[in-house]
Amino acid sequence: NSCQSAEIEITEQTGYSITLRNGSNKLDTRFVRSPRFAQPADNLIRLTGNARRDLLRDRVLLIDMLEAPAGQFVLPGEYSADLSMRVGSGLPVSFRVSLFVAPSVTLLDGGATRNLSLGEVTDGGFISSDFLYRTNSSLLVTAFSDNRGTLLHENGEAFGRIPYTARIDGKIIDLTGQSPVVLPYVDSRQRAGTLAVNVDPQPAAFAGTYRDTLTITFTAN
């Protein structure tokens, strides 16, 4: 019981604020409100008397200390802080807290289904559609065509197919879904990409409506 008055403090080893870092990159965090420690400073957490009494009763003490708000687009990898714990006038004990940020991408404009019309294609056709996204890494973009890269006549294959070409940001994309296009990482701000589709002139195509469904997948790499 004589230990109950010994202060228990957690500090950042270098004296700077308690922050999770990966090299020069920093993850935004905030202290969790907890009855187990007094109002924290930027680089100091001090356990309350109630928390110290729980320790003296041989209770396992779990402290929610930091939380990282969702929606941050920092570079992927491990973010950590090197901390020290000192009890009273004893020697400090070092430990590390860390979390892992995974590669991620978010489409910002709904991004689900687009209906694109090339119009009348006797003299050829072209259509494009922009999409907005945020990412913390490069992207692998794959496209899979239900009709193997062709627009199929509404009455079936006997009435013909029209081949087309699709590009993502100017790069021709494989419509079998086998070979992805790489969109390099630039920064974590909102960015715009473009899907463009074109058809060569079709003076001999059978009249009617031709369609295909193109499924595009964005994978943070």
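Is E7 buried, partly exposed or exposed? With a relative accessibility of 35%, E7 counts as partly exposed, because the partly exposed class covers values between the 20% limit for buried and the 50% limit for exposed. The structure described here is a predicted model.

**Salt bridges**

The model has 10 salt bridges. One of them joins the side chains of E7 and R46, with an N to O distance of 3.7 Å. E7 belongs to the segment before strand 1 (8-12), R46 belongs to strand 5 (residues 44-46), and the pair links distant parts of the chain, 39 residues apart. R46 counts as partly exposed, at 32% relative accessibility. The E7 and R46 pair does not stand alone: E7, E9, R46 and R52 are linked in a network of salt bridges.

The side chains of R30 and E67 form another salt bridge, at 2.8 Å from N to O. R30 is in strand 4 (residues 30-31) and E67 is in strand 6 (residues 66-67), so this salt bridge ties together parts that are 37 residues apart in sequence. R30 has a relative accessible area of 46% and is partly exposed. E67 is partly exposed too, with a relative accessible area of 35%.

D187 and R191 also form a salt bridge, and their closest N and O atoms are 3.5 Å apart. In this pair D187 is buried, with a relative accessible area of 15%, whereas R191 is partly exposed at 29% relative accessibility. D187 is classed as buried because its value of 15% falls under the limit of 20%.

The three pairs are set out below.

| Salt bridge | N to O distance |
|---|---|
| E7 and R46 | 3.7 Å |
| R30 and E67 | 2.8 Å |
| D187 and R191 | 3.5 Å |

**Helix 1**

R52, a member of the salt-bridge network with E7, E9 and R46, lies in helix 1 (residues 49-56), where A51, R52 and D54 are buried. Seen down the helix axis, these buried residues fall within an arc of 155°, so they line one face of helix 1. What do the buried residues of helix 1 pack against? They pack against strand 1. Helix 1 is followed by D58, which has a positive phi, near 60°.

**A nonpolar surface patch**

M85, V87 and V93 make up a nonpolar patch on the surface, and together they have about 240 Å² of accessible area. M85 is placed in strand 7 (residues 77-87). At 30% relative accessibility, M85 counts as partly exposed.

**The five-stranded sheet**

An open sheet of 5 strands follows the order 9-10-17-14-15, with antiparallel pairing. The edges are strand 9 (105-107) and strand 15 (171-172); each has a single partner strand, so one side of each is left without a neighbour in the sheet. Within this order, strand 10 (residues 125-135) pairs with strand 17 (residues 191-199) in the antiparallel sense, over 9 bridges. S128 stands opposite A196 of strand 17. R191, the partner of D187 in a salt bridge, falls within the residue range of strand 17, 191-199.

**Strand 11 and its partners**

In a regular strand the side chains alternate between the two faces of the sheet. Strand 11 (residues 139-145) shows such an alternation: L139, V141, A143 and S145 point to one face and are buried, while L140, T142 and F144 point to the other face and are not buried.

Which strands pair with strand 11? One is strand 16 (residues 181-183), which pairs with strand 11 in the antiparallel sense over 3 bridges. Here V141 stands opposite V181. Another is strand 19 (residues 214-220), whose pairing with strand 11 is also antiparallel and runs over 7 bridges. On that side, A143 has I216 as its bridge partner. Both V141 and A143 are among the buried residues of strand 11.

**The loop residue E154**

E154 is in the loop between strand 12 (150-153) and strand 13 (161-163). With a relative accessible area of 46%, E154 is partly exposed. Apart from its neighbours within four places in sequence, E154 is in contact with G208, T209 and R211. How far is E154 from Y79, 75 residues away along the chain? Their C-alpha atoms are separated by 54 Å.

Definitions and conventions
Residues numbered from 1 in each chain as written. Predicted model: local features only at pLDDT ≥ 70, side-chain atom pairs only at ≥ 80, totals over all residues. Heavy atoms only, no water. Salt bridge = Lys/Arg side-chain N within 4 Å of Asp/Glu carboxyl O. Helix = DSSP H or I, 4+ residues; strand = E, 2+ residues; numbered from the N terminus. Buried < 20%, exposed > 50% of the residue type's maximum accessible area, 1.4 Å probe, protein only. Arc of directions from axis to C-beta. Contact = heavy atoms within 4.5 Å. Patch = residues over 30% accessible without salt bridge, like charges linked within 9 Å, V, L, I, M, F, W, Y side chains within 5 Å. Areas by Shrake-Rupley, 256 points an atom, 1.4 Å probe, with all protein chains shown as cover. Pairing = 2+ DSSP bridges.
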